[in-house]
Amino acid sequence: MSLPHLFATGLGAYLAVGFVFAIAFSLFGAARIDPDARGATIGFRILVVPGATLLWPLLARRWITGAPPPEERTPHKRAIDGGRS
């Protein structure tokens with residue numbers, strides 16, 4: 001097998017696993033790791049699928065451990081919080 005063929009096969013397998021994961025994640029996992037995703041609309045769930053397909057290893061780890069998303073600490077967020085962050 002040639003290197004491009006191996007790469008394409010590996011990429012295809014990664015994306016196939018990711019897509020299956022993304023469907024389950026959009027239905028059940030997003031609300032577990034992010035409280036703001038609870039009660040999300042179908043439109044939100046559809047929008048989450050492409051990103052979850054690509055980032056499935058990271059999201060799977062967060063879903064398994066129940067780790068919340070990191071706290072956003074940007075200049076804009078600090079300005080809103082009055083510099084408390």
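Start with S26, which touches R45, V48 and V49 once residues up to four places away in sequence are set aside. Keep in mind while you look around that this is a predicted model. S26 is found in helix α1, a helix that covers residues 3-33. How buried or exposed is S26? Its relative accessibility is 5%, and because the cut-off for buried is under 20%, S26 counts as buried.

From S26, hop over to A37, which sits in the loop between α1 and α2. A37 and S26 are 11 residues apart in sequence, and their C-alpha atoms are 9.4 Å apart in space. A37 counts as buried too, with a relative accessibility of 4%. Which residues does A37 contact, leaving aside neighbours within four places in sequence? They are A30, A31, F44 and R45. R45 has already turned up in this tour, as one of the residues that S26 touches.

I42 gives you another view from S26. The two are 16 residues apart along the chain, with 9.2 Å between their C-alpha atoms. I42 is found in helix α2, and its relative accessible area is 61%, so it is exposed. Put that beside S26, which is buried at 5%.

Now follow α2 along to its partner. Helix α2 runs over residues 42-54 and helix α3 over residues 56-65. When two helices pack, the pair is described by the angle between their axes and the distance between the axes. Here the angle is about 100° and the axes are 5 Å apart. Angles of 65 to 115 degrees count as roughly perpendicular, so that is what α2 is to α3. Where do the two helices meet? On the α2 side you'll find A52, T53 and L54, and on the α3 side W56, P57 and L59. The residues of this contact divide into five nonpolar, one polar and no charged.

Next, have a look at α3 itself. L59, A60 and W63 are buried in this helix. Why do they line one face? Seen down the axis of α3, its buried residues fall within an arc of 105°, so they share one face of the helix. The general background is helical geometry: an α-helix has 3.6 residues a turn, so residues three or four places apart point the same way. The buried residues of α3 pack against α1 and α2. Turn to the face directed away from the buried side, and you'll see the exposed residues R61 and T65. After α3 comes G66, whose phi is positive, near 75°.

That leaves the rings. How many aromatic pairs are there, with ring centres required to lie within 6.5 Å? The count comes to five. One of them is F21 with W56, a tilted pair at 6.5 Å centre to centre, with 45° between the planes. This pair links distant parts of the chain, as F21 is in α1 and W56 in α3, 35 residues apart. F21 counts as buried at 13% relative accessibility, while W56 is partly exposed, with a relative accessible area of 23%.

F21 also pairs with W63, in an edge-to-face arrangement at 5.7 Å centre to centre and 65° between the planes. Again the pair links distant parts of the chain, with F21 in α1 and W63 in α3, 42 residues apart. W63 is one of the buried residues of α3 mentioned above. Step back a little and these rings belong to one aromatic cluster, formed by Y14, F21, F25, W56 and W63.

Terms used. Residues numbered from 1 in each chain as written. Predicted model: local features only at pLDDT ≥ 70, side-chain atom pairs only at ≥ 80, totals over all residues. Heavy atoms only, no water. Axes fitted to C-alpha atoms, helices over the stretch in contact; angles between N-to-C directions. Helix = DSSP H or I, 4+ residues; strand = E, 2+ residues; numbered from the N terminus. Parallel < 35°, antiparallel > 145°, perpendicular 65-115°, else oblique. Contact = heavy atoms within 4.5 Å. Nonpolar A, V, L, I, M, F, W, Y, C, P; charged D, E, K, R; others polar. Phe/Tyr/Trp six-rings, centres within 6.5 Å; stacked < 30°, edge-to-face > 60°. Buried < 20%, exposed > 50% of the residue type's maximum accessible area, 1.4 Å probe, protein only. Arc of directions from axis to C-beta.
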